[in-house]
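Here's a small set of exercises with worked solutions. Have the viewer open and try each task before reading on.

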Amino acid sequence: MDDQKRKNLIGERIKERRLALGLSQEDLQKKTKIKNTMISNFENGKREPNLANIAKIAHALDTTIDKLYFGDESSSFIEMAPNLGMKLANCICALKEEGVLGGIVKDEYGEGETFIRLHNYTWEVTRLIKSLDDFNMSKETYSDPDLYVEQLKDSFANSVNRKCF
């Protein structure tokens, strides 16, 4: 994730949480002793809060630093990985631990495409991948592509969670 996108996401999360609590920027300034202009810069993605400031903001908003930096805390171990390779490794390990991924399957001749065996949720994973493939071929037609992807992920998660209970 590039720096500007990260700043924007952190700012959006701060603002979203502040508004959910019914606080103004001035209220947050009083609770944190961080200048209004600085809070505005954070919320608008112009600046990224340092550790001391994000800790003050998290405390004032009764949330965690992880929630402000990464959103869903359950994905923070993936998002905080320093590079794509480590993000993929974290995802694969988590899926193996949950019993979702199995072994590697090759065609009968040991050539051609390699497939990963899914032990559980095959239909859900296939549907998500197909939906993402379709989306990627026509993403410019979506008014809010990020929202659509979030909706796909929510639908997938709900489908998997229904099977768990």
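**Exercise 1: two backbone oddities**

Where is the place of D62? Once you've found it, look at its phi and its accessibility, then do the work again for K33.

*Solution.* One thing to keep in mind throughout: this is a predicted model.

Step 1. D62 sits in the loop between α4 (51–60) and α5.

Step 2. Check the backbone: D62 has a positive phi of about 50°, although it is not a glycine.

Step 3. Now the accessibility. The cut-off for exposed is over 50% relative accessible area; D62 comes out at 61%, so it counts as exposed.

Step 4. On to K33, which lies in the loop between α2 (25–32) and α3 (36–43). K33 isn't a glycine, yet its phi is positive too, at about 65°. With a relative accessible area of 68%, K33 is exposed.

**Exercise 2: the fold in outline**

How many helices and strands does the protein have, and in what pattern do they follow along the sequence?

*Solution.*

Step 1. Count the elements: nine helices and two strands.

Step 2. Read along the sequence and you get α-α-α-α-α-α-α-β-β-α-α.

Step 3. Add some totals. The protein has 165 residues, and 24% of them count as buried. Its accessible surface comes to about 11,400 Å², with 54% belonging to carbon and sulfur atoms.

Step 4. Finally, the contacts. Take those with a separation of 6 or more: residues 24 or more positions apart account for 39% of them.

**Exercise 3: the second largest pocket**

Which residues lie nearest the centre of the second largest pocket, and which helix gives the largest share of its lining?

*Solution.*

Step 1. Size it up: the second largest pocket holds about 270 Å³ of space.

Step 2. List the lining. There are 10 residues, and E12, R13, E16, K67 and G71 lie nearest the centre.

Step 3. Assign the lining to elements. α1 (3–20) and α5 (65–70) each supply at least two residues, and the largest share, five residues, comes from α1.

Step 4. Sort by class: six of the lining residues are charged, two are polar and two are nonpolar.

Step 5. Pick out E16, which is found in helix α1. E16 is exposed, because its relative accessible area is 61% and the cut-off is over 50%. Between E16 and L68, the C-alpha to C-alpha distance is 9.8 Å, while 52 residues separate them in sequence.

**Exercise 4: a glutamate in α8**

Is E124 buried or exposed, and with which residues is it in contact, leaving aside its neighbours within four places in sequence?

*Solution.*

Step 1. Locate E124: it is found in helix α8 (residues 122–137).

Step 2. Apply the cut-off. Buried means under 20% relative accessible area; E124 has 3%, so it counts as buried.

Step 3. Drop the neighbours within four places in sequence, and E124 is in contact with F156, S159, V160 and K163.

**Exercise 5: aromatic rings**

How many aromatic pairs does a search of the whole structure find, and which residues do ring pairs link into a cluster?

*Solution.*

Step 1. Know what to look at: a pair of aromatic rings is described by the distance of the centres and the angle of the planes.

Step 2. Searching the whole structure turns up three aromatic pairs.

Step 3. Trace the links: F135, Y142 and Y148 are joined into a cluster by ring pairs.

Conventions. Residues are numbered from 1 along each chain as its sequence is written. This is a predicted model: local features need pLDDT of at least 70, side-chain atom pairs count only at pLDDT 80 or more; totals for chains, interfaces and linings use all residues. Side-chain values use heavy atoms; hydrogens and water are left out. On a 1 Å grid over the protein atoms alone, a cavity is a set of points where a 1.4 Å probe fits but cannot get out, and a pocket is an open set with protein on both sides within 12 Å along at least five of seven lines; lining residues have an atom within 4 Å of a point. Grid points are joined across faces, edges and corners, and a volume is the space filled by probe spheres set on the points. Helices (H or I, at least four residues) and strands (E, at least two) are DSSP runs, numbered from the N terminus. Ala, Val, Leu, Ile, Met, Phe, Trp, Tyr, Cys and Pro count as nonpolar, Asp, Glu, Lys and Arg as charged, and the others, Gly among them, as polar. Buried means under 20% relative accessible area, exposed over 50%, partly exposed in between (1.4 Å probe, protein chains only). Contact means heavy atoms within 4.5 Å. Accessible areas come from the Shrake-Rupley method with a 1.4 Å probe; for residues, only the protein chains shown count as cover. Rings of Phe, Tyr and Trp (its six-membered ring) pair if their centres lie within 6.5 Å; planes under 30 degrees apart count as stacked, over 60 as edge-to-face and the rest as tilted.
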